[in-house]
Amino acid sequence: MATLGVTHSTQCFPPSNPMALMPNFHISHSLHLKKSFTSGLLSLSNSRKQPNKQFQGELLLCSVATPTEVTVGFDEMVAGTKRKYYMLGGKGGVGKTSCAASLAVKFANNGHPTLVVSTDPAHSLSDSFAQDLTGGTLVPVDGPDSPLFALEINPEKAREEFRGTQTNGGSAVKDFMDGMGLGMIAEQIGELKLGELLDTPPPGLDEAIAISKVMQFLESQEYSMFTRIIFDTAPTGHTLRLLSLPDFLDASIGKILKLRQKIDQATSAIKSVFGQEDKRQDAASKLEKLRERMIQVRELFRDTDSTEFIIVTIPTVMAINESSRLCASLKKENVPVKRLIVNQVLPPSVSDCKFCAMKIKDQRRALNTIPNDPDLSCLSLVQAPLVDVEIRGVPALQFLGDIVWK
Ligand SMILES: Nc1ncnc2c1ncn2[C@@H]1O[C@H](COP(=O)(O)OP(=O)(O)OP(=O)(O)O)[C@@H](O)[C@H]1O
């Protein structure tokens with residue numbers, strides 16, 4: 001079956017020709033979409049009769065400029081059977097889920113048993129795969145050649161465990177100290193933000209716990225088959241908070257535990273009177289566990305051998321600016337980032353639609369800011385076209401994946 005495809009080049013900035021930022025769309029017969037994903041993609045239905053016709057518009061020939069350039073195509077992503085983690089993040093609504101799901105399908109079709117996980121509280125993986133993935137367990141996705149499983153993890157539910165720690169631990173410590181007349185130490189603990197930590201968990205904690213839960217799953221034999229793990233993360237703000245969270249928690253929990261230890265030692269003779277020893281121990285060990293998990297998440301995010309953070313954006317100045325800030329924060333935190341996906345790029349218009357012409361111009365203007373951006377300019381740029389149907393279901397994701405992941 002001849003179906004539509006769109007080819008484009010993977011780019012690296014700065015370009016030799018900064019104007020050469022419009023995508024080069026080709027029609028190809030190379031895609032074989034399973035089932036019937038044959039709608040008028042890219043409004044190019046007429047061109048189906050003219051395979052290999054190259055569309056109007058400038059070639060996207062942003063050449064490689066830096067001598068340190070690393071090839072970051074799909075070949076590099078797919079190579080090897082050692083487990084790799086890909087985190088996709090960016091502004092809300094830019095297409096993170098569509099890109100994450102399409103990457104998962106592509107890995108699975110290239111022989112990798114793959115797990116795609118959503119840690120965004122507003123899940124859309126189910127919608128993307130057109131399959132019910134709710135329930136917090138691994139669900140097999142029908143269609144790809146190798147096993148593909150998806151998991152929508154409920155970050156709030158994952159936090160319940162920690163909520164338990166907050167309630168038990170908080171009241172146990174407070175009651176205990178009130179009873180002992182240790183108001184001064186209570187104040188000290190207050191300064192250590194114990195109350196804050198226990199009453200209002202810092203932003204990013206939900207997602208960090210969700211990620212650490214997935215990592216726990218993955219340690220078990222049952223899940224050892226997965227060689228590619230993709231995280232569809234929550235929008236940028238959450239990611240930024242998540243990145244700084246482990247250090248904050250590490251320091252706070254560490255101080256809290258140290259102080260508790262001191263209190264426990266000082267009052268060991270009479271603390272059994274309060275009958276809360278078990279509860280306190282439990283709270284302390286949960287806090288300790290939480291700290292260990294946060295350290296694990298921090299290490300995962302910074303592991304250049306196994307992890308890559310991929311920024312997804314759209315060609316608007318606002319989204320690109322936000323991506324730049326995200327990129328700067330990721331770099332500052334030593335999170336490996338090499339790729340920028342610019343999604344929903346309009347194909348050059350063949351009609352005399354004024355709105356389209358204006359929109360294309362506007363997108364081009366936004367795209368032109370990338371080569372001059374100090375943080376984004378060193379990333380490898382991949383452009384994905386805006387298609388004229390919603391990307392839903394495995395055949396559609398396979399189609400998108402073959403465009404984006406080359
Ligand atoms: N290249 C594209 N062409 C056409 N539609 C697209 C494209 N990419 C994404 N979409 C559509 O845009 C909508 C939002 O996409 P998606 O859910 O992947 O974004 P998101 O960044 O994960 O959103 P959120 O931040 O809300 O989780 C969906 O309806 C999706 O089908």
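This report walks through the overall make-up of the protein, its charged side chains, one helix pair and a few backbone details.

**The big picture**

Keep in mind that this is a predicted model. The protein has 406 residues, and 52% of them count as buried. Its secondary structure comes to twelve helices and nine strands. The accessible surface adds up to about 17,800 Å², with 53% of that belonging to carbon and sulfur atoms. As for how the chain folds back on itself, take the contacts between residues at least 6 apart in sequence: 82% of those join residues at least 24 apart.

**Salt bridges**

Side chains of opposite charge can pair when their charged atoms come close. How many salt bridges does the model have? The count comes to eight. Here are some of them, with the closest N to O distance.

| Pair | N to O distance |
|---|---|
| Glu76 and Lys338 | 2.6 Å |
| Glu76 and Arg339 | 2.8 Å |
| Arg302 and Glu333 | 2.7 Å |

Glu76 turns up in two of these rows, with Lys338 as one partner and Arg339 as another. Start with the bridge between Glu76 and Lys338, 2.6 Å from N to O. Glu76 sits in helix 1 (residues 74-78) and Lys338 in strand 8 (residues 337-345), so this pair ties together parts that are 262 residues apart in sequence. Both ends of that bridge are partly exposed: Glu76 has a relative accessibility of 24%, and Lys338 comes in at 29%.

Now for the bridge from Glu76 to Arg339, at 2.8 Å. Here too helix 1 is tied to strand 8, and because Glu76 is in the helix and Arg339 in the strand, the linked parts are 263 residues apart in sequence. Is Arg339 buried or exposed? Arg339 counts as buried because its relative accessibility is 1%, which falls under the 20% cut-off.

The remaining row pairs Arg302 with Glu333, at 2.7 Å. This one links distant parts of the chain as well: Arg302 belongs to helix 9 (residues 277-302), while Glu333 is in the loop between helix 10 (317-332) and strand 8, and the two are 31 residues apart. Arg302 is partly exposed, with a relative accessible area of 21%. Sharing of partners matters for the bookkeeping: Glu76, Glu308, Lys338 and Arg339 are joined into one network by their salt bridges.

**A buried lysine without a partner**

Lys84 is in strand 2 (residues 84-90). Which side chain of opposite charge is nearest to Lys84? That would be Glu76, 5.3 Å away. Lys84 is buried and has no salt bridge, because a salt bridge needs the nitrogen and oxygen within 4 Å. Beyond its neighbours within four places in sequence, Lys84 is in contact with Glu76, Met77, Ala79, Thr227, Arg228, Ile229 and Ser306.

**Helix 2 against helix 12**

Two packed helices are described by the angle between their axes and the distance between the axes. Helix 2 (residues 96-109) and helix 12 (residues 394-404) pack at about 90 degrees, and their axes are 8 Å apart. That angle makes the two helices roughly perpendicular. On the helix 2 side, the contact is made by Ser98, Cys99, Ala101, Ser102, Val105, Lys106 and Asn109. Helix 12 contributes Val394, Leu397, Gln398, Leu400, Gly401 and Asp402.

**Backbone details**

Most residues other than glycine have a negative phi, and most peptide bonds are trans. Ala130 has a positive phi, about 55 degrees, although it is not a glycine. Where is Ala130? Ala130 lies in the loop between helix 3 (125-129) and strand 4 (139-140), and its 44% relative accessibility makes it partly exposed.

Gln344 also has a positive phi, near 65 degrees. Gln344 is found in strand 8 and is partly exposed, at 28% relative accessibility.

Gln344 is also among the contacts of Ile314, along with Val94, Ala319, Ile320, Val342 and Asn343, leaving aside neighbours within four places in sequence. Ile314 itself lies in the loop between strand 7 (307-313) and helix 10. With 18% relative accessibility, Ile314 counts as buried. From C-alpha to C-alpha, Ile314 and Gly73 are 20 Å apart in space, and 241 residues separate them in sequence.

Key. Residues are numbered from 1 along each chain as its sequence is written. This is a predicted model: local features need pLDDT of at least 70, side-chain atom pairs count only at pLDDT 80 or more; totals for chains, interfaces and linings use all residues. Side-chain values use heavy atoms; hydrogens and water are left out. Helices (H or I, at least four residues) and strands (E, at least two) are DSSP runs, numbered from the N terminus. Buried means under 20% relative accessible area, exposed over 50%, partly exposed in between (1.4 Å probe, protein chains only). Lys and Arg count as positive and Asp and Glu as negative; His and the chain ends are not counted. Contact means heavy atoms within 4.5 Å. Accessible areas come from the Shrake-Rupley method with a 1.4 Å probe; for residues, only the protein chains shown count as cover. Axes are lines fitted to C-alpha atoms, for helices over the stretch in contact, and angles run from 0 to 180 degrees between N-to-C directions. Angles under 35 degrees count as roughly parallel, over 145 as roughly antiparallel, 65 to 115 as roughly perpendicular and the rest as oblique.
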